[in-house]
Amino acid sequence: MSGELLIEARGQIEIATLNRPARLNALSEGLVDELNDYFGGLAARPAVRVVILRGAGRGFCAGLDIQEDRSSDETPVLRTLRTQTSIGNIYRKMRACPQPIIALGHGAAAGGGLSLLLAADVRYAAPGFRCNAAYIRIGLGGCDMASSYFLPRLVGASLAAEMILTGRFIDAERALSAGLVSEIVAEDELLDRGLALAEEMLATSPWGLRLSKQALNLNVDAQSLDAAMAIEDRQQVILSATEDHKEALAAFFGKRPPAYRER
């Protein structure tokens with residue numbers, strides 16, 4: 001471990017902090033490996049129920065560290081493919097892990113850094129936040145790191161095309177109006193707001209929270225209304241048979257907090 005990703009436990013919440021502030025948290029090979037290991041390992045760590053993702057220093061993440069020496073004995077095209085795949089796997093693992101991810105954006109989120117935000121479940125932004133799909137600005141295609149998948153689903157086809165075809169930045173206000181972020185929060189209050197949302201999530205049943213994230217993932221690409229509702233029906237039938245469902249009802253009628261046992 002290179003120490004470029006800091007993990008802080010707050011009970012059942014973990015705060016994951018990108019920790020390369022001198023490089024605006026740009027994605028080095030070491031940071032990419034740590035992010036893959038962390039998000040890939042969360043499925044086996046049910047005691048962690050919610051993750052908060054943020055960046056240290058002046059910004060969230062500047063994307064790929066294009067100044068890092070990545071030379072090796074590999075054929076250049078295969079080395080580039082390995083880099084692409086390794087970074088892309090982070091976003092796959094973020095969507096696949098059962099824990100909701102709350103991303104806190106401040107400063108700049110560019111390229112692959114924007115995709116870290118897009119792959120989260122909820123996004124809050126500081127007033128000075130700005131983001132772009134930077135790839136086309138360095139002579140590459142504008143569609144990279146799942147941007148052509150996430151952006152149209154989050155902000156609509158028009159703004160997605162505007163961002164991808166120009167690489168231009170949008171600010172926090174436009175990100176909010178487009179639905180890219182849920183709320184604009186003072187920078188010094190971002191973590192507290194993220195923790196407050198995480199605490200609300202912790203008030204739900206553990207399996208209810210996990211299966212709800214799964215259903216949202218699946219139904220973004222559902223073939224039809226019937227297909228989406230079949231996933232919902234499956235989830236509700238499973239959860240209605242649990243002891244935690246009975247406990248939630250008893251707590252509701254008893255006007256007390258539930259004591260979930262994951263049964």
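**View 1. Helix 1 and helix 2 cross in a left-handed way.** A crossing is called left-handed if the near helix is turned anticlockwise from the far one by less than a right angle, and right-handed if clockwise. This is a predicted model, where local features need pLDDT of at least 70, side-chain atom pairs count only at pLDDT 80 or more, and totals for chains, interfaces and linings use all residues. Residues are numbered from 1 along each chain as its sequence is written, and side-chain values use heavy atoms, with hydrogens and water left out. Helices (H or I, at least four residues) and strands (E, at least two) are DSSP runs, numbered from the N terminus. Helix 1 covers residues 29-41, and its axis sits 9 Å from that of helix 2, at an angle of about 35°. For these values, axes are lines fitted to C-alpha atoms, for helices over the stretch in contact, and angles run from 0 to 180 degrees between N-to-C directions. From helix 1, the residues that meet helix 2 are E29, V32, D33, L35, N36, F39 and G40. Their partners in helix 2 are R82, S86, I87, N89, I90, K93 and M94, where contact means heavy atoms within 4.5 Å. Sorted by class, this contact has six nonpolar, four polar and four charged residues. Here Ala, Val, Leu, Ile, Met, Phe, Trp, Tyr, Cys and Pro count as nonpolar, Asp, Glu, Lys and Arg as charged, and the others, Gly among them, as polar.

**View 2. Helix 4 and its buried residues.** Which residues of helix 4 are buried? They are S147, F150, L151 and V155, in a helix that runs over residues 147-155. Looking down the helix 4 axis, these buried residues fall within an arc of 95°, so they line one face of the helix. The arc is that of the directions from the helix axis to the C-beta atoms, and buried means under 20% relative accessible area, exposed over 50%, partly exposed in between (1.4 Å probe, protein chains only). The buried residues of helix 4 pack against helix 2 (76-96), helix 3 (112-118), helix 5 (157-166) and helix 6 (172-178). Just past the end of helix 4, G156 takes a positive phi of about 95°.

**View 3. A119, in the loop between helix 3 and strand 6.** Strand 6 spans residues 122-125. A119 counts as buried because its relative accessibility is 0%. Not counting residues up to four places away in sequence, A119 touches Y91, M94, R95 and F150. F150 is one of the buried residues of helix 4, and M94 is among the helix 2 residues that meet helix 1. From A119 to M145, the C-alpha atoms are separated by 10.0 Å, with the two residues 26 apart along the chain.

**View 4. N25 and M145, two loop residues with positive phi.** Neither N25 nor M145 is a glycine. Phi is near 60° for N25 and about 50° for M145. N25 lies in the loop between strand 2 (13-18) and helix 1, while M145 lies in the loop between strand 7 (130-132) and helix 4. Are they buried or exposed? N25 is buried, with a relative accessible area of 0%, and M145 counts as buried at 9%.

**View 5. Q99, in the loop between helix 2 and strand 4.** Strand 4 is residues 101-105. With 2% relative accessibility, Q99 counts as buried. Leaving aside neighbours within four places in sequence, its contacts are L42, R45, V48, R49, V50, V51, D121 and K213. As for T83, its place is in helix 2, and it counts as buried at 17% relative accessibility. T83 touches L64 and R70, again not counting residues up to four places away in sequence.

**View 6. R168 and D188, two more loop residues.** R168 is found between helix 5 and strand 8 (170-171), and it counts as partly exposed at 40% relative accessibility. Beyond its neighbours within four places in sequence, R168 is in contact with C131, N132, R137, E162 and M163. D188 is found between strand 9 (183-184) and helix 7 (190-202), and D188 is exposed, with a relative accessible area of 67%.
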